[in-house]
Amino acid sequence: MENEQAIGVEKSDYNGHFQENFETIAIRTQSERTQFQEHSVPLYLTSSYVFEDSEDMRASFAEEKDRNIYSRFTNPNTSEFVEKIAKMEGAEAGYAFATGMAAVFSTLAALLNSGDHIVSARSVFGSTHGLFTKYFPKWNISHSYFDVNKPETIEALIKPETKVLFAESPTNPGVDILDLKELGRIAKKHNLILIIDNCFATPYIQNPIKFGADLVIHSATKLIDGQGRVLGGVTVGREDLIREIYLFSRNTGPALSPFNAWVLSKSLETLPVRLEKHCENALKVAEFLENNEKIQEVKYPFLKSHPQYAIAKKQMRLGGNVVAFQIKGGIDAGRRFIDSLQLCTISANLGDTRTIVTHPASTTHSKLSPGELESAGISEGLVRVSVGLEHIDDIINDLKNALNN
Ligand SMILES: Cc1ncc(COP(=O)(O)O)c(C=O)c1O
């Protein structure tokens with residue numbers, strides 16, 4: 001990708017020999033230092049960059065030079081953030097967006113043409129479902145959904161005009177797991193672009209490119225920020241595809257703000273330690289719920305009772321921080337439970353330090369019809385908990401008290 005130089009990593013910080021170690025990549029991947037020799041990366045709050053002369057400007061626009069031109073294209077902070085995520089995911093290149101949805105939309109819009117077809121898991125984030133069903137048909141881009149529990153049905157949905165195979169794993173909100181290696185095999189066999197929304201896992205837990213994904217998308221708003229402060233998104237993967245996505249985005253303007261990129265790059269420094277604790281807490285919450293007689297069903301990738309436990313163990317380092325469950329008594333019991341919580345918050349976000357509880361059927365996935373909800377595996381009584389970093393005893397006590405109510 002152009003501007004490699006602008007996102008170059010200072011040699012004294014990053015000598016390449018610890019390239020394999022995630023924690024070091026997270027902390028030591030940094031834009032070049034300025035003359036002030038700052039230790040922590042500065043915030044480059046600038047919309048444009050200065051040229052030596054008219055020839056310098058012409059050559060820069062002609063891409064004869066690798067350099068920042070305008071912050072809708074690249075900025076040192078966004079480039080640093082992209083560079084980190086690309087290294088963490090084992091990707092060749094990437095581009096950062098204002099939100100996760102800007103990443104999903106721009107990635108697909110850049111690569112698809114009128115007449116193209118997407119094969120996707122039915123269980124996708126509500127707004128992604130909105131793109132497939134409401135907006136892409138306007139441009140004659142169609143889709144077919146497969147059931148996450150029936151991956152054997154995928155190949156039958158592939159048509160000559162199918163270009164993309166799309167999935168989340170774990171899914172939002174049902175935390176279903178898709179076999180990424182199997183998706184990689186199918187995509188390769190049928191020459192499809194495999195796009196994985198890796199938001200629930202983060203690059204610390206799972207690297208879809210290892211299993212054959214061509215592109216990996218993140219809503220950085222979630223665990224990557226991890227503190228409920230800024231919105232962001234990113235797509236990383238094959239250089240030729242990222243080039244198309246970059247050119248589309250350079251013209252259409254969904255770029256991540258430098259300030260948010262600076263925040264997100266700092267957040268990545270602590271991603272591994274945060275994730276270890278998030279997942280430890282989430283597993284304890286899942287085990288507590290599984291053993292509570294008021295609970296009908298609990299889904300967490302690293303619980304042995306999860307239908308795709310074996311696949312989760314194969315492709316994920318940890319189980320993630322989201323637990324999905326159903327309380328006996330359906331929607332009314334579920335709502336009463338949520339309203340009885342004292343510590344956990346009711347909020348639309350996830351991946352925050354604070355434990356967040358939501359009711360997807362009436363909120364994030366409320367645009368789905370009852371039939372669509374059912375086939376996406378979202379029952380009306382489903383409760384989603386994004387387990388935070390409070391003391392585990394306090395989280396469990398809050399859940400226990402609310403269940404007793
Ligand atoms: C799996 C998944 N993809 C994409 C998004 C969209 O991200 P954003 O809210 O940053 O646009 C979300 C948000 O919850 C999500 O959970």
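Buried means under 20% relative accessible area, exposed means over 50%, and partly exposed is what falls in between (1.4 Å probe, protein chains only). These close-ups come from a predicted model, where local features need pLDDT of at least 70, side-chain atom pairs count only at pLDDT 80 or more, and totals for chains, interfaces and linings use all residues. Residues are numbered from 1 along each chain as its sequence is written, and side-chain values use heavy atoms, with hydrogens and water left out.

**View 1. Y70 meets F73 in an edge-to-face aromatic pair.** A search of the whole structure turns up 14 aromatic pairs. Y70 and F73 make one that is edge-to-face, at 5.8 Å centre to centre with 70 degrees between the planes. Rings of Phe, Tyr and Trp (its six-membered ring) pair if their centres lie within 6.5 Å; planes under 30 degrees apart count as stacked, over 60 as edge-to-face and the rest as tilted. Y70 is partly exposed at 35% relative accessibility, whereas F73 is buried at 9%.

**View 2. F105 and F136 are stacked.** Here the ring centres are 6.1 Å apart and the planes 25 degrees apart. F105 sits in helix α4 (residues 100-111) and F136 in the loop between α5 and β3, so the pair ties together parts 31 residues apart in sequence. Helices (H or I, at least four residues) and strands (E, at least two) are DSSP runs, numbered from the N terminus. F136 is buried at 1% relative accessibility, while F105 is partly exposed at 28%. Both rings belong to one aromatic cluster with F132, W139, Y145 and F166.

**View 3. Two charged side chains sit over rings.** The charged end of K313 is over the ring of F302, 4.3 Å from its centre. R317 lies over the face of Y204, at 3.9 Å from the ring centre. To count, NZ of Lys or CZ of Arg has to be within 6 Å of the ring centre and within 35 degrees of the ring normal.

**View 4. Two cis peptide bonds come before prolines P170 and P173.** Most peptide bonds are trans. S169 and P170 are joined by a cis bond with omega about -5 degrees, and N172 and P173 by another with omega about 5 degrees. P170 is in the loop between β4 (162-168) and α7 (180-189), and P173 is in the loop between β4 and α7 as well.

**View 5. Q37 and N140 have positive phi.** Most residues other than glycine have a negative phi. Phi is near 55 degrees for Q37, which is found in the loop between α1 (22-28) and α2 (54-61) and is exposed at 53% relative accessible area. For N140, phi is near 60 degrees; N140 lies in the loop between α5 (126-135) and β3 (142-146) and is partly exposed at 47%.
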